[in-house]
Structure formats: C-alpha cells, structure tokens
Amino acid sequence: MSEPAIPEVTWTRKDLVGIADLSVEEIELILDTADSFQEVSQRSIKKVPTLRGKTVLNLFFEPSTRTRSSFELAEKRLSADALNFSGSGSALSKGESLIDTARNLEAMAPDLVIIRHQHPGVPHMLAQRLESGVINAGDGAHEHPTQALLDAFTIRQHKGRLAGLAVTIVGDIEHSRVVRSNIHLLVKMGAQVTVAGPRTMMPAAVEKLGVRVSYDLDEALTDADVVMMLRVQLERHGQSLFPSTREYFQLFGLTQARLAQAKDDAIVMHPGPMNRGVEISSAVADGKTSVILEQVANGVAVRMAVLYLLSLAQQGDG
Ligand code: CP
C-alpha cells in the first residue's frame, strides 16, 4: 500500500465551496494532484494510506449517484474513515436545524465535511461556522465545484490544455450548478465559452460571466472543441419552460448530424444523469466521441486530490 508520487505542495484553503473563489494556480494544483492520484485506481489493491486516521462526513440532502459514490470511493481509496448521513431518518425531521445538526456531527470530530443541499449557500454557511473543512458537492442551482474540476481534468486529458479551446455548453443554463462552476473555471483558464439553450432557460446577463450566448444550436456547435450537454432540470422548474420533450430534442437535442458542425476531434461531455432522447441521442451518448464515462471515472481521482489538499489545511502544514 505505497503512497502515490505526490509532489510537495503548499495549500492553505480550508474549504472548497465554489470555483468562483479559486485562483488559476489553485485550479492547476488540484488538476496536477489528481494526475498523481489517478494511478491508484489502476492498482490491483486500490488503497493508499494518505488519509489514514482522518474522518470524513458525507452529508447528502439531495439524491446523487456519481458525486456521492465517487466521494465515498475517494475516501476509501485514501484510507479515510467515512460516515454517511442522509437528511431522511435523522433528527432534522424532529425540527432540529441544519446548523445544530452539523454542530452535533462536528462534535464527533470529522476532519472534512462533504455537503450536497438543495439551497444555494448552505456549504458557505457551514464553512463559516465549522472548524472542519467543507466541500460543496452541489448547492441548489449555485455551484458544483468538484464536477467542474473533473470536467476540466477530462478535457485536459484529451486536449492537453484548456486555454484557447472553444467549449459549447448546451441546455438548461438557468438551473444548472454544473454550468455555473464550469463557466467560472473555463473562463479563468482562458477557454472561449459559448452557452446555448432556449431563451426560457437562459439567465439574464449571463454574458457578464465572460461567455457568448447563442439560441441556435447549429451555430453554437460550429467548430467547437468540446460540447458539454446539460440535463433539463425539471425538478427546479416552477412551470413548464418548453412545450414538449419532443420539441426540445428537435431544437436543442444533440444528434450525430448536429455534432458534425463541431470539429472532427470534438469530445462530447455530460455530467449525468442523462435524459436520453431529450438533450442527447443514445447514438451520441454511447458514440466514439463521448467521454461521459471517463468523466465519472476521473471524478474519483479529482475528489481524492481535493480531499488530500484540504486535509493539508486542516493539519496546518500546507
Ligand atoms: N453529476 C452529478 O452531480 O451527478 P449526481 O447527481 O449523480 O451526483
């Protein structure tokens, strides 16, 4: 169970609540550290002692398949002790507040707290009040920083860089925390970002984040290096924002014919879960340009890197 070859690094940030807070250097350090951790998942015994004796609390108040399981796997592969907590079945249903719940759980001395919550700002609030490091695993429609980091890691693996790439992000821009974190990251790193989708799902003044806006999918896909499709987040729509899924697919669904507008070596991404036949056809989702399952695999290495770096700040030896 030998340690991976991690270069000596300096890291002082206690929490990861959003990409908006991170510098270019911090983003590069996370991605480089993830490079060092990736080989652990290829070993026959996928475990290193890096976080032995550390305790990580996973608080998920919204459903998750990928984020939750890859955080848990990352913790296990780093030899940390993990405690999983869901809102249902807890004393929250007896009226205990979230902050009281978190303080009681913190009394058991976790080093790091991972939180997914339906309300934007909850990870930030916990980060301010808890001694433990806090990692945002998705807060409402606000941010999903580890998703953007694993997306950037995947793009870098395929393209060797982020700067100068044409990245087109398509779909429900208004309700997506994935897109907000990706815009912050990609713009900081020098990519040219276009967002495309129906007007009813486009936030006001999104251009101010440094992106180009398009309402025409064929135009938005032209010469793209990276095409990132987003799920239509029906659960966050107060009312119907498009006439039918059939019409949505006709206008904004990614098909092989549409993808031909992008560069020949373009890659197709999706954070999951996918709505096949709504935002993406099965032929594209399962096709040779799709890196969707690589994104999932890379999530483990990126989350190992984030857990490791934040644990340095906890020890005060970053
Ligand atoms: N990408 C993502 O956040 O997926 P889950 O909701 O399954 O965690």
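The paragraphs below go through two β-sheets and then the largest pocket of this structure, which is a predicted model.

A convenient place to begin is the open sheet of four strands, whose order is S2-S1-S3-S4 and whose pairing is parallel. Strands S2 and S4, the latter covering residues 133-139, stand at the edges with a single partner strand each, so one side of each is left without a neighbour in the sheet. Neighbouring strands of this sheet are turned against each other by 15° on average, when direction is ignored. As general background, the strands of a sheet pair through backbone hydrogen bonds, in either a parallel or an antiparallel manner.

Within this sheet, strand S1 can be followed through its pairings with S2 and with S3. Strand S1, residues 55-60, pairs with strand S2, residues 81-86, in the parallel sense over six bridges, and in this pairing Leu59 has Phe85 of S2 as its bridge partner. Five bridges join S1 to strand S3, residues 112-117, and these two strands also run parallel; here Val56 stands opposite Leu112 in S3. The chain between S1 and S2 includes a helix that belongs to the same motif, for S1, helix H2 (residues 66-77) and S2 make a right-handed β-α-β unit.

The other sheet is likewise open, with five strands in the order S7-S6-S5-S8-S9 and parallel pairing. Its edge strands are S7 (212-214) and S9 (267-269), each of which pairs on one side only, and the twist from one strand to the next averages 20°. Towards the S9 edge, strand S8, residues 226-229, runs parallel to S9 and is joined to S9 by three bridges, with Val226 standing opposite Ile267 in S9.

From the sheets we can turn to the largest pocket, in which about 370 Å³ of space lies. The pocket is lined by 20 residues, and those closest to its centre are Arg116, Arg177, Arg231, Gly272 and Pro273. Helix H2, already met in the β-α-β unit, and helix H6 (177-188) are the elements that give two or more residues to the lining. By residue class, the lining divides into five nonpolar, eight polar and seven charged residues. Which domains contribute to the lining of this pocket? The lining draws at least three residues from each of domain 1, which comprises 19-143 + 297-314, and domain 2, which comprises 145-295.

How values were computed. Residues are numbered from 1 along each chain as its sequence is written. This is a predicted model: local features need pLDDT of at least 70, side-chain atom pairs count only at pLDDT 80 or more; totals for chains, interfaces and linings use all residues. Side-chain values use heavy atoms; hydrogens and water are left out. Two strands pair if DSSP finds at least two bridges between them. A crossover is right-handed if, with the strands pointing away from the viewer, the path from the first strand over the helix to the second runs clockwise. On a 1 Å grid over the protein atoms alone, a cavity is a set of points where a 1.4 Å probe fits but cannot get out, and a pocket is an open set with protein on both sides within 12 Å along at least five of seven lines; lining residues have an atom within 4 Å of a point. Grid points are joined across faces, edges and corners, and a volume is the space filled by probe spheres set on the points. Ala, Val, Leu, Ile, Met, Phe, Trp, Tyr, Cys and Pro count as nonpolar, Asp, Glu, Lys and Arg as charged, and the others, Gly among them, as polar. Domain bounds come from an automatic or database domain assignment. Axes are lines fitted to C-alpha atoms, for helices over the stretch in contact, and angles run from 0 to 180 degrees between N-to-C directions.
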